[in-house]
Amino acid sequence: MNKTQPFDNLIFDLDDTIYMPNSGIWDLIGERIFAFMRQHLPDVPEDAIEPLRDRLLKQYGTTLRGLHEERGIDVQAYLAYVHDLDLSLMLKPDAELRRFLSSLPQKKYIFTNASKSHAENVLNQMGLADLFSGITDVADVQPYCKPMPEAFKLMLQQFHITDPKTCLYADDNLPNLATAEALGMYPLYVGRKQGHGFTQVERLADLEALLPELDDIRL
Ligand SMILES: [Mg+2]
């Protein structure tokens with residue numbers, strides 16, 4: 001980014017944004033969530049677990065928030081269980097992304113609906129951990145979660161950011177981007193979907209080629 005570039009802060013979602021969605025990690029987390037629910041909701045028949053999870057996810061934004069609100073599930077116990085993954089076979093150091101992010105003078109942050117330890121695992125596995133100034137996880141924004149605006153406001157507070165307009169926010173989730181945009185951040189969609197109207201890259205590293213254009217958009 002050049003000196004006229006207006007963003008001071010780059011805020012990134014973690015899962016399927018920092019790494020590509022074909023990693024297999026989300027499938028594994030899904031299996032862990034299913035196993036956790038089986039274990040902690042003995043009154044729910046096995047074939048009702050998936051539909052319950054779908055409903056909670058839709059209604060509350062994350063399965064966790066739904067389980068906490070309706071079933072009193074302990075947030076830390078859930079997060080520790082579902083993110084207890086060996087990521088070494090699924091993620092490797094990303095030298096290209098590291099070089100690109102290192103070249104940017106802005107402060108970089110992670111904002112995730114997952115747990116801090118999962119974020120640290122992912123960033124360590126990819127060799128990126130030292131590039132980020134902070135991580136806000138879902139426990140930090142309780143009782144909210146993305147895409148709720150309250151969650152974004154708590155995240156900004158945690159990073160001591162007073163003006164959302166100084167932020168670029170990157171995510172693979174469209175509702176999260178809509179909230180970020182409504183609050184004044186510049187939304188960047190990371191993924192392959194079309195027809196949403198957001199500026200888009202397929203991989204985060206592709207942002208490098210787009211930066212000159214973003215300068216034009218913002219100035
Ligand atoms: Mg994501």
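**Notebook: loops, metal site, rings and helices**

I started with His-160, which lies in the loop between α7 and β4 (167-171). Helices here are DSSP runs of H or I with at least four residues, strands are runs of E with at least two, and both are numbered from the N terminus. I noted that the model is predicted, that local features need pLDDT of at least 70 and side-chain atom pairs pLDDT 80 or more, while totals for chains, interfaces and linings use all residues. Residues are numbered from 1 along each chain as its sequence is written, and side-chain values use heavy atoms, with hydrogens and water left out.

**Positive phi**

I looked up phi for His-160 and found a positive value of about 60°, although the residue is not a glycine. His-160 has a relative accessible area of 72%, so I put it down as exposed. The classes are buried for under 20% relative accessible area, exposed for over 50% and partly exposed in between, with a 1.4 Å probe and protein chains only.

I then turned to Asp-16, in the loop between β1 and α1. Its phi is also positive, near 65°, and Asp-16 is not a glycine either. With a relative accessible area of 16%, Asp-16 is buried.

**Cis peptide bonds**

I checked omega in the loop between β3 and α7, where Pro-143 has its place. The bond joining Gln-142 and Pro-143 is cis, with omega about 5°. Pro-147 lies in the loop between β3 and α7 as well. The peptide bond from Lys-146 to Pro-147 is cis, and I read its omega as near 5°.

**Magnesium site**

Which protein atoms are donors of the magnesium ion? I listed Asp-13 (OD), Asp-15 (O) and Asp-172 (OD), at 2.1 to 2.2 Å from the ion. A donor is an N, O or S atom within 2.8 Å of the metal (3.2 Å for Na, K and Ca); water is not among the atoms, so a site may look incomplete. Along the chain the donors follow the spacing D-x1-D-x156-D. I looked up accessibility for two of the donor residues: Asp-13 is buried at 7%, and Asp-15 is buried at 12%.

**His-118**

Asp-15 turned up again when I listed the contacts of His-118, a residue of helix α6. Leaving aside neighbours within four places in sequence, His-118 is in contact (heavy atoms within 4.5 Å) with Leu-14, Asp-15, Ile-25, Ile-29, His-83, Leu-85 and Leu-87. Is His-118 buried or exposed? His-118 is buried, with a relative accessible area of 1%.

**Lys-92**

I placed Lys-92 in the loop between α4 and α5 (95-103). Lys-92 is exposed, at 65% relative accessible area. Setting aside neighbours within four places in sequence, I found Lys-92 in contact with Gln-125 and Met-126. I also took the separation of the C-alpha atoms of Lys-92 and Tyr-19, which is 9.7 Å, with the two positions 73 residues apart along the chain.

**Aromatic rings**

How many aromatic pairs does the structure hold? I noted eight. Rings of Phe, Tyr and Trp (its six-membered ring) pair if their centres lie within 6.5 Å; planes under 30 degrees apart count as stacked, over 60 as edge-to-face and the rest as tilted.

One of the pairs is Phe-12 with Phe-132: the centres are 6.1 Å apart and the planes stand at 85°, so I entered it as edge-to-face. Phe-12 is in strand β1 (residues 9-12) and Phe-132 in the loop between α6 (116-125) and β3 (134-136), so this pair ties together parts 120 residues apart in sequence. Both Phe-12 and Phe-132 are buried.

For Phe-36 and Tyr-81 I have centres 5.6 Å apart and planes at 55°, so the pair is tilted. Phe-36 belongs to helix α1 (residues 25-40) and Tyr-81 to helix α4, so the pair ties together parts that are 45 residues apart in sequence. Phe-36 is buried at 2% relative accessibility, while Tyr-81 is partly exposed at 23%. I found that Phe-36, Tyr-78 and Tyr-81 form one aromatic cluster.

**Helices α3 and α4**

Last, I looked up how α3 (residues 63-71) packs on α4 (residues 75-82): the angle is about 145° and the axes are 10 Å apart. Axes are lines fitted to C-alpha atoms, for helices over the stretch in contact, and angles run from 0 to 180 degrees between N-to-C directions. Thr-63, Leu-64, Leu-67 and His-68 of α3 meet Val-75, Tyr-78 and Leu-79 of α4.
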